[in-house]
Amino acid sequence: MRTIEEPGARTTRSGPGTANALAGNAPAAGTVPAGSAAAAGSAAAAGDTAAERRRELAAFLRSRRERITPEQVGLARGPRRRTPGLRREEVAALAAVGVTWYTWLEQARDIQVSAQVLDAVARALLLDPHERRHVFGLAHATDPGPGTRCPVVTDAVRAMLDQLEPLAACVQNSRYDILAHNRVYGLMLCDLEAVPPEDRNCMVLSCLNEEWRDSFEDGEGSLRVMAAKFRSAMADHLDEPAYRALHARLMRNPQFRAHWERQEIIDSTSRTKHFRNRRVGLLTVTHTDLWLGPSHGPRLVTYTPADEETGRRMERLREMALERETAGHAARAGERRGGVRGLRRARGPGPYGRVSGGARREPGTRESRPLRGT
């Protein structure tokens with residue numbers, strides 16, 4: 001197996017065992033793997049655990065479906081309704097999934113459940129954050145919901161990201177998901193706020209986002225390095241569904257697949273990088289990884305200016321982000337004020353602490369939140 005020679009990087013050579021495991025190669029014909037009986041027993045135990053998880057997930061979804069009234073989701077009850085709560089076809093319609101598929105989900109069938117579809121079901125069932133976490137945990141899936149708070153990104157870590165400005169900084173995991181970022185990083189490689197949460201992954205962006213790809217002096221070489229880094233990280237996570245799902249998605253991209261098949265690996269190290277930013281021009285920065293936990297776990301990634309001009313340009317990026325943030329806050333405040341005035345003119349004032357039209361306004365808050373049934 002070859003390795004990538006990158007300036008300042010520590011490279012290693014993996015043996016055939018690692019390559020076969022990552023590529024999914026089977027033993028040669030006519031051979032019997034050592035410990036096959038033990039492996040078969042482990043596989044059976046894993047199958048039993050997966051079946052139990054499916055049963056738990058099915059029962060939980062069914063219980064939540066039965067507790068929601070049609071009126072809560074804007075549906076008419078009708079004169080002949082005997083089903084407690086919602087019907088399966090109603091949940092399927094609200095989540096924009098097939099009725100048969102959702103029925104199988106509640107029957108604990110062995111089907112593939114994507115994080116995006118599970119997110120749609122969770123929204124249709126009005127699950128709160130704790131219930132969402134339970135559902136995604138049972139399904140062994142990563143919650144793509146934009147409002148989901150990652151336990152790794154604590155308030156202290158978020159404060160540190162903000163305090164590092166005008167340095168660009170983000171928190172990534174070993175899958176290269178971008179878990180959190182500050183304003184400068186949000187504009188350094190592309191406009192991250194315009195990217196759906198489920199696509200905020202460095203490798204996915206390298207494959208799909210034109211602005212991200214164009215910001216690298218050598219976009220193809222950068223993707224090659226990312227593929228080698230992901231191969232190195234994935235060796236410790238071969239059985240994890242999130243890694244397998246990301247790998248399957250990336251392998252649909254011809255460029256990534258070509259680099260993956262090179263069988264190259266590389267470790268992450270500090271080094272100087274050059275980015276072409278569409279807003280402020282060339283940025284020369286020093287990339288540093290600060291691990292928040294064990295190696296190949298979450299890490300704080302920082303980009304420090306390597307020269308004075310880059311420092312001034314990164315400060316300009318921060319100013320642009322602040323200007324946009326201020327404009328966004330003002331626009332949302334105007335929309336809220338206009339919406340409340342319109343409701344009051346149309347329906348008159350509601351009782352104290354409420355806004356007519358089915359919303360609850362809590363004292364001391366600026367936002368209205370939908371009413372939730374008990």
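In this predicted model, the largest nonpolar core comprises 40 residues, of which Tyr185, Trp212, Phe230 and Phe256 touch the most other members. Once neighbours within four places in sequence are set aside, Tyr185 is in contact with Ala168, Ala169, Cys170, Gln172, Ile178, Leu192, Cys202, Trp212 and Tyr303, and Trp212 is itself named with Tyr185 among the core members that touch the most others. A second core, separate from the largest one, contains 24 residues, including Leu57, Ile68, Val73 and Ala122. In soluble globular proteins, nonpolar side chains tend to be buried together.

Two of the residues in contact with Tyr185, namely Cys170 and Cys202, also enter into the analysis of cysteine pairing. The structure holds zero disulfides. For Cys170, the closest cysteine sulfur is that of Cys202, at 6.3 Å, which is too far for a bond because a disulfide requires sulfur atoms within 2.5 Å. Cys190 likewise takes part in no disulfide, the nearest cysteine sulfur, again that of Cys202, being 9.5 Å away. Cys170 has a relative accessible area of 0% and is therefore buried, and Cys190, at 1% relative accessibility, also counts as buried, since the limit for that class is under 20%.

A search of the whole structure for enclosed space finds one cavity of 30 Å³ or more, and the space in this largest cavity amounts to about 30 Å³. Its lining is formed by Arg224, Ala227, Ala228, Arg231, His259, Trp260, Gln263 and Glu264. Helices α11 (219-234) and α13 (254-260) each supply at least two of the lining residues, with α11 giving the most, at four residues. In terms of residue class, the lining is mixed, having three nonpolar, two polar and three charged residues. Phe230 and Phe256, which are among the members of the largest nonpolar core that touch the most others, fall within the residue ranges of α11 and α13, respectively.

Outside the helices, Arg87 lies in the loop that runs between α2 (36-67) and α3 (88-95). With a relative accessibility of 26%, Arg87 counts as partly exposed, because this value lies between the limits of 20% and 50%. When neighbours within four places in sequence are left aside, the contacts of Arg87 are with Arg65, Arg80 and Arg81. The C-alpha atom of Arg87 is separated by 9.9 Å from that of Ile68, although the two residues are 19 residues apart along the chain; Ile68 is, in turn, one of the residues of the second core.

Methods
Residues are numbered from 1 along each chain as its sequence is written. This is a predicted model: local features need pLDDT of at least 70, side-chain atom pairs count only at pLDDT 80 or more; totals for chains, interfaces and linings use all residues. Side-chain values use heavy atoms; hydrogens and water are left out. On a 1 Å grid over the protein atoms alone, a cavity is a set of points where a 1.4 Å probe fits but cannot get out, and a pocket is an open set with protein on both sides within 12 Å along at least five of seven lines; lining residues have an atom within 4 Å of a point. Grid points are joined across faces, edges and corners, and a volume is the space filled by probe spheres set on the points. Ala, Val, Leu, Ile, Met, Phe, Trp, Tyr, Cys and Pro count as nonpolar, Asp, Glu, Lys and Arg as charged, and the others, Gly among them, as polar. A nonpolar core is a set of buried Ala, Val, Leu, Ile, Met, Phe, Trp, Tyr and Cys residues joined through side-chain atoms within 4.5 Å. Buried means under 20% relative accessible area, exposed over 50%, partly exposed in between (1.4 Å probe, protein chains only). Contact means heavy atoms within 4.5 Å.
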